[in-house]
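Let's work through some labels together and ask what stands behind each of them. Take a look at the structure first, then follow the reasoning.

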Amino acid sequence: MYYDYYLYYLSYLSSLYNGYPLIIRITVVMVMALAAITLFGVFRLLYIGYRINRKEKTKRNTEGHFEEKLTFIMRSKVNYEVDEIQELLQYDTSKAKRWKSDVLTDVVLTVKNSIYKEGELNEINYKNCIEALRLMGFWEKRIRTSGPDRRKEALQVVGAMDNGVNSGILSKSTFHKNKHLRKTARDLHTSQDSYNPFRFMEENFDEAFTQLDKLRLHSTLIKRSKEGRLPNLLRWINNSKNPNYIVFILREVGFFRQYEAAPTLMGMLDRQENRDVRAQIILTLGALEYKESASTLIDRFHLETNVVREAIITTMGHLQGTESLRFLVEAYRSTEDVNSKLVIARAIKNHGVQGNQELVRLQHEAHIQSNENENTLLNQVFSEAAILPV
């Protein structure tokens with residue numbers, strides 16, 4: 001019936017404009033098409049506005065009902081059981097559908113983060129709040145059943161909740177063909193799993209190791225270090241062929257001050273062919289202030305590429321001692337490159353009082369030789385020392 005109705009009016013319009021020139025008929029068709037698109041856009045805009053308003057109203061209602069109560073519970077020194085929290089929150093599990101779990105999660109995380117920054121978060125009550133509101137079940141179900149985009153979002157929320165995760169739920173995502181989902185799942189496994197948390201670090205974490213992966217993994221290692229001492233990070237680069245991953249791990253060794261790794265790093269210098277890896281090994285030795293490496297690094301200086309030579313100079317600035325300082329002064333006098341002189345002068349400055357004395361002596365020599373460029377360079381280093389004292 002409706003089909004015949006629309007067909008009739010379509011035939012009527014076709015016959016109405018049948019005798020008109022082609023340009024007019026094309027114009028009429030375009031006007032009708034644009035009118036239809038405009039109407040569709042208006043209705044869609046109204047629908048989106050309705051959904052946003054409904055979500056905002058739901059969020060306001062949720063905040064009004066839960067925020068103050070959650071703040072009291074998470075800040076309290078008294079530990080509450082799950083049943084007690086449900087009573088305090090006036091949360092009836094039989095009417096749980098009234099509250100949207102995703103909105104409720106936002107409220108819980110907002111309260112938790114606010115109290116955590118103040119240093120007053122009761123971790124036990126926080127975890128019991130999550131259990132009382134049955135939030136983990138909601139997000140774990142979304143991880144199991146959703147598409148890649150929503151699953152990735154769910155993984156990120158579970159990571160933010162920091163309440164552990166069932167590694168079986170992650171198994172489907174940790175080897176997914178979608179690299180963003182795969183990396184998010186592996187990072188969550190590393191940060192949350194208690195049985196074998198560093199499993200994917202032994203596998204180079206992922207084939208494509210990006211800057212974002214470095215940030216994620218760095219924050220995860222910080223979290224793990226607060227929970228207990230990290231294992232020797234060098235164990236994860238023995239089988240790796242990815243220079244970016246190796247450089248990252250070496251940088252983390254220095255960041256977490258794993259002093260026991262220093263002798264092994266010295267042995268790695270001769271085995272590594274990649275210059276960026278060798279440079280990072282040397283920088284890590286400097287971060288660890290491994291003074292025993294000074295003689296070896298000095299011997300290698302003239303045999304290395306510019307990148308590695310600059311790393312040696314930077315490291316010598318951290319290895320306090322007469323041998324290192326003497327090497328830096330000699331290197332300064334023997335080089336003609338202004339940028340290299342600046343790097344060496346900054347390294348000399350890191351040697352404190354003795355380093356400043358050497359810089360004054362070098363400046364005096366430059367003054368005698370009427371070398372204005374060198375005078376300007378050393379003045380810049382002294383200015384940096386005044387602004388950022390060692």
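Helices here are DSSP runs of H or I with at least four residues, numbered from the N terminus. Please keep in mind that this is a predicted model.

Q: Where is the place of Glu-87, and what makes that stretch a helix?
A: Glu-87 sits in helix α3, which covers residues 82-89. A helix is a DSSP run of at least four residues, so residues 82-89 can carry that name.

Q: Why is Glu-87 called exposed?
A: The relative accessible area of Glu-87 is 63%. Exposed means over 50%, so Glu-87 earns the label.

Q: Which residues gather with Glu-87 in a patch of negative charge?
A: Glu-81, Asp-83 and Glu-84 join Glu-87 in that patch on the surface. Asp and Glu count as negative, so the patch is called negative.

Q: What makes Arg-75 and Glu-120 a salt bridge?
A: Their closest N and O atoms are 2.7 Å apart. The cut-off is 4 Å between a side-chain nitrogen of Lys or Arg and a carboxyl oxygen of Asp or Glu, so the pair qualifies. This pair links distant parts of the chain, 45 residues apart: Arg-75 belongs to helix α2 (residues 22-75), while Glu-120 is in the loop between α4 (101-117) and α5 (123-132).

Q: Why does Arg-75 count as partly exposed?
A: Arg-75 has 31% relative accessibility. Buried would need under 20% and exposed over 50%, so Arg-75 falls in between. Glu-120, at 34%, is partly exposed by that reasoning too.

Q: How do you know that Arg-278 and Glu-304 form a salt bridge?
A: The closest N and O atoms of Arg-278 and Glu-304 are 2.8 Å apart, and the limit is 4 Å. Here too distant parts of the chain are linked: Arg-278 lies in helix α13 (residues 275-287) and Glu-304 in the loop between α14 (294-300) and α15 (306-318), 26 residues apart.

Q: Why are Arg-278 and Glu-304 called buried?
A: Arg-278 has 10% relative accessibility, and Glu-304 has a relative accessible area of 12%. Buried means under 20%, so both fit.

Q: What makes the place of His-65 buried, and what lies 3.0 Å from its side chain?
A: His-65, in helix α2, has a relative accessible area of 17%, which is under 20% and therefore buried. The backbone oxygen of Leu-89 lies 3.0 Å from a polar atom of the His-65 side chain, within the 3.5 Å limit for a polar contact.

Terms used. Residues are numbered from 1 along each chain as its sequence is written. This is a predicted model: local features need pLDDT of at least 70, side-chain atom pairs count only at pLDDT 80 or more; totals for chains, interfaces and linings use all residues. Side-chain values use heavy atoms; hydrogens and water are left out. Patches are made of residues with over 30% relative accessible area and no salt bridge: like charges are joined within 9 Å, nonpolar side chains (Val, Leu, Ile, Met, Phe, Trp, Tyr) within 5 Å. Accessible areas come from the Shrake-Rupley method with a 1.4 Å probe; for residues, only the protein chains shown count as cover. The place of a charge is taken as NZ of Lys, CZ of Arg, CG of Asp or CD of Glu. Helices (H or I, at least four residues) and strands (E, at least two) are DSSP runs, numbered from the N terminus. Buried means under 20% relative accessible area, exposed over 50%, partly exposed in between (1.4 Å probe, protein chains only). A polar contact is a pair of N or O atoms within 3.5 Å; within protein, one must be able to donate a hydrogen and the other to accept it, and residues adjacent in sequence count only if both atoms are side-chain atoms.
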